[in-house]
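Here are my notes on this one, point by point. Have the model open while you read.

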Amino acid sequence: MNSLAAPDNDEPLQEPPHWLERIEIRRLAPQESGMVSALQELSLRELSVGYYSDNQIEAIIEAQNDGIKLRLSGERCYGAFHQDALLGLVCLTRLGITGLYCHPRIARQGLGRRLMTHAEQEAQRLSWYRLEVVASLTAVEFYQKLGYRPYIIQSQQTVNCANIHIPVVSLYKELPRPESTSTQAAVSSTDISIALFTWCFFVGLSVALIRR
Ligand SMILES: CC(C)(COP(=O)(O)OP(=O)(O)OC[C@H]1O[C@@H](n2cnc3c(N)ncnc32)[C@H](O)[C@@H]1OP(=O)(O)O)[C@@H](O)C(=O)NCCC(=O)NCCS
């Protein structure tokens with residue numbers, strides 16, 4: 001199986017994708033930039049058709065490949081592997097999602113959602129509770145299905161890739177904070193109240209004793 005092959009041909013890709021259960025998601029390293037670029041390119045070229053012109057697609061590919069090694073070391077990029085094949089990837093920073101790509105052969109079978117769940121869980125683990133994404137038009141409905149909301153003001157804007165204007169939409173999602181965080185916060189505020197009360201009580205008592 002080459003690095004971009006979809007799961008075995010005889011697996012029924014139209015059925016509920018049982019191969020998805022065997023997907024391994026792990027952090028990508030800068031030395032894997034070759035297969036990352038190849039997947040990004042294939043994904044953008046095939047899945048952006050109908051949303052962007054050929055020129056726009058080429059400009060996005062160029063922009064995405066630019067500094068890819070640096071991105072793989074500076075951002076948190078996770079790849080979804082089936083055996084040795086990279087089938088999708090998602091990149092995350094403190095600000096939000098900076099990249100998401102699926103192999104076109106397995107589009108609309110749940111891998112994008114699976115990668116986003118992984119990224120959101122990672123963000124929560126890092127206490128990053130607000131994720132933003134500058135989404136390509138291809139992916140706006142996808143993000144909305146996952147609970148991302150477009151900014152009310154100026155939801156559609158353009159970014160400049162290689163001097164070509166690319167319409168995009170900025171969206172965001174507030175991630176739930178884990179129960180334990182709010183419980184811990186409640187516990188620590190209770191502790192502070194008890195400590196303050198005890199301190200006031202003893203200071204009051206000392207003052208009363210001195211006056212006598
Ligand atoms: C966007 C992308 C990652 C989605 O991946 P995917 O594996 O096809 O998405 P999923 O199968 O997990 O879809 C999750 C839901 O979104 C829906 N969805 C996915 N793509 C959609 C689209 N283009 N339009 C409308 N709905 C879409 C699916 O139908 C599914 O809905 P359901 O849960 O009601 O069945 C993929 O299309 C892609 O790689 N696009 C090219 C690269 C790109 O533009 N990336 C975004 C950069 S910001």
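1. A word on terms before the helices: I call a residue buried if 20 or more other C-beta atoms lie within 10 Å of its own. By that count, the buried residues in H2 are Gln56, Ile57, Ala59, Ile60, Ile61 and Gln64. Their cover includes helix H1 (33-47) along with strands S7 (156-161) and S8 (164-174).

2. Keep in mind that this is a predicted model. Mean pLDDT for the protein chain comes to 84, with 75% of its residues at 70 or more. Residues 185-190 fall below 50, and in the model this stretch makes zero contacts beyond near neighbours in sequence. Residues 192-203 also stay under 50, again with zero contacts beyond four places in sequence. Where pLDDT is low, I wouldn't read the predicted coordinates in detail.

3. Does the geometry of H2 come out as expected or not? Its twelve residues (54-65) should span 16 Å at 1.5 Å a residue, and the end C-alpha atoms are 17 Å apart, so the two agree. Just after H2, glycine 67 has a positive phi of about 65 degrees.

4. H4 passes the check too: its 15 residues (111-125) should span 21 Å at 1.5 Å a residue, and the end C-alpha atoms are 21 Å apart, which agrees. Serine 127, just after H4, takes a positive phi of about 65 degrees.

5. Which residues of H4 are buried? They are Leu111, Gly112, Leu115, Met116, Ala119, Glu120 and Ala123. In an α-helix, residues three or four places apart point the same way, because there are 3.6 residues a turn. The buried residues of H4 pack against strands S2 (76-82), S3 (85-93), S4 (96-102) and S5 (130-136), and against helix H5 (140-145). Look at leucine 115 in particular: leaving aside neighbours within four places in sequence, it contacts Tyr78, Ala80, Gly88, Val90 and Leu100.

6. On to the largest nonpolar core, which has 38 residues; those touching the most other members are Leu89, Val90, Ile97, Leu115, Ala119, Val133 and Ala135. At least two residues each come from H1, H2, S2, S3, S4, H4, S5 and S8. S3 gives the most, with six.

7. Finally, the ligand. There are 22 residues around it, and Leu47, Gly112, Arg113, Ala139 and Glu141 come nearest. H1, S4, H4, S5 and H5 are the elements giving two or more residues to this shell. By type, the shell divides into eleven nonpolar, seven polar and four charged residues.

Technical notes:
Residues numbered from 1 in each chain as written. Predicted model: local features only at pLDDT ≥ 70, side-chain atom pairs only at ≥ 80, totals over all residues. pLDDT = per-residue confidence, 0-100. Contact = placed C-beta atoms within 7 Å. Helix = DSSP H or I, 4+ residues; strand = E, 2+ residues; numbered from the N terminus. Expected span 1.5 Å × (residues − 1). Buried ≥ 20, exposed ≤ 12 C-beta atoms within 10 Å, placed from the backbone. Core = buried A, V, L, I, M, F, W, Y, C linked by C-beta atoms within 7 Å. Near = placed C-beta within 6 Å. Nonpolar A, V, L, I, M, F, W, Y, C, P; charged D, E, K, R; others polar.
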